[in-house]
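Colleague: I have a new structure open and I'd like to understand the words people use for it. Could we go through it together?

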Amino acid sequence: MALADSARGRSPSGGPLLAPSLSLDAGGAASGRRSGYITIGYRGSYTIGRDAQADAKFRRVARITVCGKTALAKEVFGETLNESRDPDRPPERYTARYYLKFNFLEQAFDRLSEAGFRMAACSSTGTCAFAPEQGGPADDKIWTSYTEYVFCRE
């Protein structure tokens, strides 16, 4: 069955089977846009007291990271893409060192949507630590999380 699916251009999960040449160049040639993937990531944290009241103290998102092909990231985010950590990356190469100059996930999602991307997957992880080690009240817990969103354009 898997061989038959491969012959029809489908992966075992039923999605399209993309060859490297299609996923990078040919897929977007008809529309004038490249196909590919961009991953958006961010770290978040918040503190919840013993009573777990609705008044949890959230910290703002410090940095939204961008991972993907350099040319694709520049096309989508333009001047809002901070390239200072990887300034001379060739356009055909991949990087995980870019980040955005703004701190609003919705703004990143809007730009990706306007560029024809759709969310393909997301993942999040979280940890909890008690705050007294950081000088907080004895009953407070600090939660930290890391979340990634994978967007694709075919």
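Modeller: Sure, here is a walk through the labels and the values behind them.

Modeller: Keep in mind that this is a predicted model. The chain has 154 residues, and its secondary structure comes to 4 helices and 7 strands. From the N terminus on, the order is α-α-β-β-β-α-β-β-α-β-β.

Colleague: How do you know which parts of the chain the predictor was confident about?

Modeller: By pLDDT, which is the predictor's confidence in each residue, from 0 to 100. The mean for the chain is 78, and 64% of the residues reach 70 or more. Among the elements, helix H4 (residues 105-114) has the highest mean, 96, while helix H2 (residues 20-24) has the lowest, 39.

Colleague: And which contacts does the model have for the stretches below 50, residues 1-6 and residues 17-30?

Modeller: Residues 1-6 have 4 contacts beyond near neighbours in sequence. For residues 17-30, the model has 21 contacts beyond four places in sequence. Where pLDDT is low, the predicted coordinates should not be read in detail.

Colleague: What makes E1 and E3 a pair of strands?

Modeller: Two strands pair if there are at least two bridges between them. E1 (residues 36-48) and E3 (residues 64-69) have 5 bridges, in the antiparallel sense, so by that cut-off they pair. E3 also pairs with E5 (residues 94-100), again antiparallel, over 4 bridges.

Colleague: Which residues stand opposite Gly-68?

Modeller: In E1 and E3, Ile-38 stands opposite Gly-68. In E5, the bridge partner of Gly-68 is Thr-95.

Colleague: Why is Thr-95 called buried?

Modeller: Buried means under 20% relative accessible area. Thr-95 has 5%, so it counts as buried. Leaving aside neighbours within four places in sequence, Thr-95 is in contact with Val-66, Cys-67, Gly-68, Thr-70, Asp-86 and Arg-89. Its side chain also reaches the backbone nitrogen of Arg-97 at 3.1 Å.

Colleague: How far apart are Thr-95 and Cys-67, in sequence and in space?

Modeller: They are 28 residues apart in sequence, but 5.6 Å apart in space, C-alpha to C-alpha. As for the chain as a whole, among contacts between residues at least 6 apart in sequence, 61% join residues at least 24 apart.

Colleague: You mentioned Asp-86 and Arg-89 as contacts of Thr-95. What makes those two a salt bridge?

Modeller: The cut-off is 4 Å between a side-chain nitrogen of Lys or Arg and a carboxyl oxygen of Asp or Glu. For Asp-86 and Arg-89, the closest N and O atoms are 3.1 Å apart, so the pair qualifies. Asp-86 is buried, with a relative accessible area of 11%, whereas Arg-89 is partly exposed at 23%.

Colleague: How many salt bridges does the structure hold?

Modeller: It holds 4. Another of them joins Lys-74 and Glu-83, with the closest N and O atoms 3.2 Å apart.

Colleague: Why are Lys-74 and Glu-83 called partly exposed?

Modeller: That label covers values between 20% and 50%. Lys-74 has 35% and Glu-83 has 23%, so the label fits both.

Colleague: What does the salt bridge between Glu-75 and Arg-153 tie together?

Modeller: The side chains meet at 2.9 Å, N to O. Glu-75 lies in helix H3 (residues 70-77) and Arg-153 in strand E7 (residues 141-153), so the pair ties together parts that are 78 residues apart in sequence.

Colleague: Buried or exposed: how do you know which word suits Arg-153?

Modeller: Set its relative accessibility of 5% against the 20% cut-off, and Arg-153 comes out as buried. Its partner Glu-75 is partly exposed, at 38%. Not counting residues up to four places away in sequence, Arg-153 touches Arg-33, Arg-34, Ser-35, Gly-36, Leu-72, Glu-75, Ala-115, Gly-116 and Phe-117.

Colleague: And over the whole chain, what share of the residues is buried?

Modeller: Buried residues make up 31%. The accessible surface of the chain comes to about 9800 Å², and 53% of that belongs to carbon and sulfur atoms.

Terms used: Residues are numbered from 1 along each chain as its sequence is written. This is a predicted model: local features need pLDDT of at least 70, side-chain atom pairs count only at pLDDT 80 or more; totals for chains, interfaces and linings use all residues. Side-chain values use heavy atoms; hydrogens and water are left out. Helices (H or I, at least four residues) and strands (E, at least two) are DSSP runs, numbered from the N terminus. Buried means under 20% relative accessible area, exposed over 50%, partly exposed in between (1.4 Å probe, protein chains only). Contact means heavy atoms within 4.5 Å. Accessible areas come from the Shrake-Rupley method with a 1.4 Å probe; for residues, only the protein chains shown count as cover. A polar contact is a pair of N or O atoms within 3.5 Å; within protein, one must be able to donate a hydrogen and the other to accept it, and residues adjacent in sequence count only if both atoms are side-chain atoms.
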